[in-house]
Amino acid sequence: MTATQPTTSATDNGGVTPSPRLAEFQREVDDLKVSGGKANPERVWVILSGIGMVLGIVLALVGWLGTRGTESTLGIADYSAMGTLGLTLTVASAAVFAVMSLRRYFRYWLVRLIFEQRDQTDRVVGQR
C-alpha cells in the first residue's frame, strides 16, 4: 500500500473542507439511498450485550450463593436453574458483543479499502 494523500484542505476562512475526491465519495454514498434504519445499530447491540453479560454474571452468582444456603432439593434445583440461565445469558451476550464489534471493525476497513482503491485508480489513470 502506498501512503495516502491528505483528504482535507484548508480554506481561506480557516475552516476545513473535504477534498473534491472525498466530497464525490460522500455524494455517491448519499446517492445509494439505502434504507438501513438507524445509523449505528451495532452500538445498541453492544450496549445490550454488555448489560446482558453483567446481568448473567449476577444471576449466576445469586444462584450459586442460593444453593449454598438452601437445604431443600427443590430450592437447590431452582437456584441451579437460575445459575444456568445466568451462564447462558453471559455466553450469549459475549457472542453478540464479539460479533457486533467485529462487524463494525470490518465495515470500517471495507469502506477504507474501497476509498483507497478508487484513489489509486485515479492516480494510475492520471485524473488527479
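**Exercise 1. Overall make-up**

What percentage of the 128 residues of the chain count as buried? Then describe the order of helices and strands.

*Solution.*
- Note the origin: this is a predicted model.
- Take burial next. Of the 128 residues, 16% count as buried.
- Count the elements. The chain has three helices and two strands.
- Read along the sequence. The pattern is β-β-α-α-α.
- Check the contacts by separation. Among contacts with a separation of 6 or more, 66% join residues 24 or more positions apart.

**Exercise 2. Helix α2 against helix α3**

Work out how α2 is oriented relative to α3, and state the hand of the crossing.

*Solution.*
- Locate the first helix: α2 covers residues 41-69.
- Take the geometry. The axes of α2 and α3 come within 7 Å and cross at roughly 160°.
- Apply the cut-off: angles over 145 degrees count as roughly antiparallel. Therefore α2 is roughly antiparallel to α3.
- Add the hand. The crossing of α2 past α3 is left-handed.
- Sort the contact residues by class. The contact of α2 with α3 has 18 nonpolar, twelve polar and five charged residues.

**Exercise 3. Helix α1 against helix α3**

Classify the packing of α1 and α3, then list the residues that make the contact.

*Solution.*
- Locate the helices. Helix α1 spans residues 20-31, and helix α3 spans residues 73-125.
- Take the geometry. They pack at about 130°, with axes 12 Å apart.
- Classify the angle. An angle of about 130° falls outside the parallel, antiparallel and perpendicular ranges. The two helices are therefore oblique to each other.
- Add the hand: this crossing is right-handed.
- List the residues. From α1, Arg21, Leu22, Phe25 and Glu28 take part. From α3 come Val111, Ile114, Phe115, Arg118 and Asp122.
- Sort them by class. The contact has five nonpolar, no polar and four charged residues.

**Exercise 4. One residue of α3**

Which residues does Phe97 touch, not counting those up to four places away in sequence? Is Phe97 buried, partly exposed or exposed?

*Solution.*
- Place the residue. Phe97 is in helix α3.
- Find its contacts. Beyond four places in sequence, Phe97 touches Val46, Ser49 and Met53.
- Take a C-alpha distance. Phe97 and Ile47 are 50 residues apart along the chain, and their C-alpha atoms are separated by 8.3 Å.
- Classify the exposure. The relative accessible area of Phe97 is 35%, so the residue is partly exposed.

**Exercise 5. The aromatic cluster**

How many aromatic pairs does the structure hold? Assign the geometry of the pair Tyr105 and Trp109 and of the pair Tyr108 and Trp109.

*Solution.*
- Count the pairs. The structure holds three.
- Take Tyr105 and Trp109. Their ring centres are 6.3 Å apart and their planes stand at 70°. Planes over 60 degrees apart count as edge-to-face, so this pair is edge-to-face.
- Look at the sequence spacing. Tyr105 and Trp109 are four residues apart in helix α3, so about one helical turn separates them.
- Compute the exposure. Tyr105 has a relative accessible area of 46% and is partly exposed. Trp109 is at 41% and also counts as partly exposed.
- Take Tyr108 and Trp109. This pair is edge-to-face, with 5.2 Å centre to centre and 75° between the planes.
- Add Tyr108 to the exposure list. Its relative accessible area is 47%, so Tyr108 is partly exposed.
- Join the pairs. Tyr105, Phe106, Tyr108 and Trp109 are linked into a cluster by ring pairs.

Conventions
Residues numbered from 1 in each chain as written. Predicted model: local features only at pLDDT ≥ 70, side-chain atom pairs only at ≥ 80, totals over all residues. Heavy atoms only, no water. Axes fitted to C-alpha atoms, helices over the stretch in contact; angles between N-to-C directions. Parallel < 35°, antiparallel > 145°, perpendicular 65-115°, else oblique. Left-handed = near helix turned anticlockwise from the far one by under 90°. Contact = heavy atoms within 4.5 Å. Nonpolar A, V, L, I, M, F, W, Y, C, P; charged D, E, K, R; others polar. Phe/Tyr/Trp six-rings, centres within 6.5 Å; stacked < 30°, edge-to-face > 60°. Buried < 20%, exposed > 50% of the residue type's maximum accessible area, 1.4 Å probe, protein only.
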